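Visitor: I should like to go through this structure with you, one question at a time.

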Amino acid sequence: MRRSLVFVFAAAALIAGCSGTKNGTPSSEPSYTTGAPSASSGSSGSAPKVSSPLKTSSIESNACSALSPAKRSELGLSDGEQGTTSVGPGCSLFAVDDRLNQIDISPVLANKNGLSDVYDTKANDEYFEPTEIAGYPAVYAAALDGRKSGKCGLFVGVTDQLAVNILVQYDHGAGASDPCPVARKVGEAMIETLKEG
């Protein structure tokens with residue numbers, strides 16, 4: 001059963017949404033939202049700067065390349081299913097032992113100010129918790145707080161112009177009651193992959 005994790009990007013009265021698809025068919029199952037502004041909005045530069053920008057060309061064209069085969073294996077994840085969202089490429093990965101445990105990775109190409117665009121909309125989020133992932137600025141944030149039911153949203157600034165959204169939705173195992181550590185591990189593995197890139 002494929003669940004969709006939905007990104008909602010809002011600026012002023014305009015709202016652009018996207019949802020994951022499987023085999024070209026939009027999912028009608030429950031969605032999970034997280035807010036960030038559209039590319040047309042300005043940014044205050046409010047997020048911490050990325051001191052060592054990563055090379056991102058690979059994930060800008062193929063979000064599944066965010067994790068190397070070795071990292072996917074280490075995390076117990078599938079090869080990933082590529083998709084396209086209105087904000088850029090997406091990749092859905094599933095736990096190899098349980099397809100109800102899903103992680104979606106999407107470089108937020110629609111935003112041009114990276115993590116600052118996420119910071120600028122924090123008033124729209126039910127939770128907003130700045131953190132650092134392997135030395136890179138990040139924030140746990142989502143418009144709806146589903147952490148008690150296995151959902152966690154994480155944005156990682158990989159350059160000052162690009163943030164990558166990692167959305168976890170786990171139904172079983174430890175991640176179902178505490179999903180944000182799963183998102184952190186995926187973020188760390190992504191940074192290692194991009195550094196090797």
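The questions below deal with a strand, a loop and the nonpolar cores.

Guide: This is a predicted model, in which local features need pLDDT of at least 70 and side-chain atom pairs count only at pLDDT 80 or more, while totals for chains, interfaces and linings use all residues. Residues are numbered from 1 along each chain as its sequence is written, and side-chain values use heavy atoms, with hydrogens and water left out.

Visitor: How many residues of strand 11 are buried?

Guide: Strands (E, at least two residues) and helices (H or I, at least four) are DSSP runs, numbered from the N terminus. Buried means under 20% relative accessible area, exposed over 50% and partly exposed in between, with a 1.4 Å probe and protein chains only. K151, G153, F155 and G157 point one way from strand 11, whereas C152, L154 and V156 point the other way, and all are buried. Strand 11 is largely enclosed by the rest of the structure because the buried residues number 7 of the 7.

Visitor: Which residue of strand 12 stands opposite C152?

Guide: Two strands pair if DSSP finds at least two bridges between them. Strand 11 and strand 12 run antiparallel and are joined by 7 bridges, forming a hairpin with 5 residues between them. In strand 12, the residue opposite C152 is V168.

Visitor: Where does the side chain of T159 make polar contacts?

Guide: T159 lies in the loop between strand 11 (151–157) and strand 12 (163–169), and T159 is buried, with a relative accessible area of 10%. A polar contact is a pair of N or O atoms within 3.5 Å; within protein, one must be able to donate a hydrogen and the other to accept it, and residues adjacent in sequence count only if both atoms are side-chain atoms. The T159 side chain reaches the backbone nitrogen of Q161 at 3.0 Å, and a polar atom of that side chain lies 2.9 Å from the backbone nitrogen of L162.

Visitor: Which element gives the most to the largest nonpolar core?

Guide: A nonpolar core is a set of buried Ala, Val, Leu, Ile, Met, Phe, Trp, Tyr and Cys residues joined through side-chain atoms within 4.5 Å. Of the 35 residues in the largest one, I103, I105, V156, I166 and M190 touch the most other members. Elements that each supply at least two residues include strand 8 (98–107), strand 11 and helix 5 (180–196). The most, 8 residues, comes from helix 5.
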